[in-house]
Amino acid sequence: AADKSRGSDPRLLDLYGYMIKNKSFMGIPMDRKITLTTAEEVNEMLDALSDRGVDSVVVKYNYWMKDSYWRKIPVSAKEEKRGGSAKELLSLQQRLEDTGGGLYLSADLLNIYRAGNGVSKVEDFLQSAVNTAQNQYRFLMESTETDTRYKAWNLLRPASMEKFYSRLTGNMQKAGYHNLALDAIGEKCYSELGTGGMGRNQVTEVIRGTVSQAAQAMEDLMLTGANGYAAVWAGHILRTPGASSGYDIEDVSVPFYQMVLHGYVSYSLEAVNLCGSPEEMTLKCMEYGAYPLYSLVGENIDELIGSSMDHLYSADFANWEACIASQYAQLNQVLSQVQDSVIIGHEILESGVRKVSYENKTAVYVNYGDGDVTADGFLVRGKGYTAVCDGVILAEGMAADVEGGGSQ
């Protein structure tokens, strides 16, 4: 991976600008735009965190672009006014950069919900074996039937990727935006079965070249769940694997992905506010060397229920402000010591106890169990951690000290 110069231990906020929800108006169902987080509200969040001692924040801002919410392919870089104007977003970008963070404006060009913005159903939609558009569906896990709440959509043809991503980065540059968060392309690789299509090996090379060009056009890239051929170009990677598949053949989970990338790129696991236990996620961040991620909105929390965004079931910033600050205080003690150091070892000392060794001679012990243990002569509290360097304790504590967040 290419080494990226980074600031201090960042907080990763995954924020959402607006959504479209089908609602009844005078008895008539219609799609309506609903504001979720404005640029002004992002500034208010930053103010609140700064008051609690958290200044280095990296923001991924989703659904900020016009028609970007399950509509036309988002390449225009024109702002959705409900989220904020160009002036407001550029001001926010400057503020985040001045405090050691960054603003990463998000775009997903692989999933196409409508033709338009230069996209042709014939030339740019992924083709099936009989040369028709290959529809994509969501399925209900309990019945394997298609989920009728979601309309079918399509995928961008591999041969069209470079064209549309170049158009996006060109428009982003003209608008004055520095960083770009690319969804889907880092983790979705598919083949095309139609005439003149490509196999996965060829598509991998297309994606590698497309992401490479985007990285050269922008100052920095953020990717989600990035595979190796894309991860090399990222400055931040969100939602890296936090566990094995759990199949019977696998006995334990080992952070192999993180062991490869640590010291070269910052990364997160799944969102803290959407997991079952924020305390356990604190310990996992210690073990994996990962920065915590929070998926949040600033308003209209109740509107998420029953929408295509209902996976954000606990996303009210006000409920998580204290948890973000408390978790920062704990994780920064450890992760700031090893931010740019390579992981050279991961050991399972006993059930529930992990030891992670770094090139700079720092070792982090994590205890997922309830009882205190002694590892290599160091006390590691139950549900706690101890970080040492050359026999000197750098930090120790219990993840239970983190103030819990709330749910809506």
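**Figure 1. The largest nonpolar core of the predicted model comprises 100 residues.** Within this core, the residues with the most contacts are Leu13, Trp64, Leu168, Met172 and Leu182. The element that gives the most to the core is helix α8, spanning residues 317-338, with a contribution of ten residues. A second core, separate from the largest one, has 15 residues. Tyr16, Met19, Ile34 and Leu36 are among the members of this second core.

**Figure 2. Surroundings of Trp64, one of the residues with the most contacts inside the largest core.** Neighbours within four places in sequence are left aside in this view. The remaining contacts of Trp64 include the nonpolar-core residue Met172. Trp64 is also in contact with Ala77, Lys78, Glu79 and Glu80, with Leu89, with Leu105 and Ser106, and with Tyr177.

**Figure 3. An open sheet is formed by eight strands with parallel pairing.** The strand order is β11-β10-β9-β8-β5-β4-β1-β12. At the edges stand β11 (266-267) and β12 (293-296), each of which pairs on one side only.

**Figure 4. Strands β4 and β5 pair in the parallel sense, and helix α2 packs on the sheet.** Four bridges link β4, residues 57-62, to β5, residues 102-107. Opposite Val59 stands Leu103 of β5. Helix α2, formed by residues 86-98, touches β4, β5 and β8 (179-182). The direction of α2 makes about 135 degrees with that of β5.

**Figure 5. Helix α8 lies across strands β1 and β12.** Strand β1 covers residues 11-16, and β12 is an edge strand of the sheet. Helix α8 runs at about 170 degrees to β12. Ten residues of α8 belong to the largest nonpolar core.

**Figure 6. The largest pocket encloses about 920 Å³ of space.** Its lining consists of 35 residues. Those closest to the centre of the pocket are Tyr63, Asp108, Arg138, Asp183 and His311. Strands β1, β4 and β5 are the elements that give two or more residues to the lining.

**Figure 7. Strands β13 and β14 form an antiparallel hairpin.** Strand β13 (residues 343-350) is joined to strand β14 (residues 353-358) by six bridges. Ile343 has Tyr358 of β14 as its bridge partner. Two residues lie between the strands of the hairpin. In this hairpin, Gly352 takes a positive phi near 85 degrees.

Technical notes: Residues numbered from 1 in each chain as written. Predicted model: local features only at pLDDT ≥ 70, side-chain atom pairs only at ≥ 80, totals over all residues. Heavy atoms only, no water. Core = buried A, V, L, I, M, F, W, Y, C linked by side-chain atoms within 4.5 Å. Buried < 20%, exposed > 50% of the residue type's maximum accessible area, 1.4 Å probe, protein only. Contact = heavy atoms within 4.5 Å. Pairing = 2+ DSSP bridges. Axes fitted to C-alpha atoms, helices over the stretch in contact; angles between N-to-C directions. 1 Å grid on protein atoms, 1.4 Å probe; cavity = no way out; pocket = protein on both sides within 12 Å on 5 of 7 lines; lining within 4 Å. Points joined across faces, edges and corners; volume = space filled by probe spheres on them.
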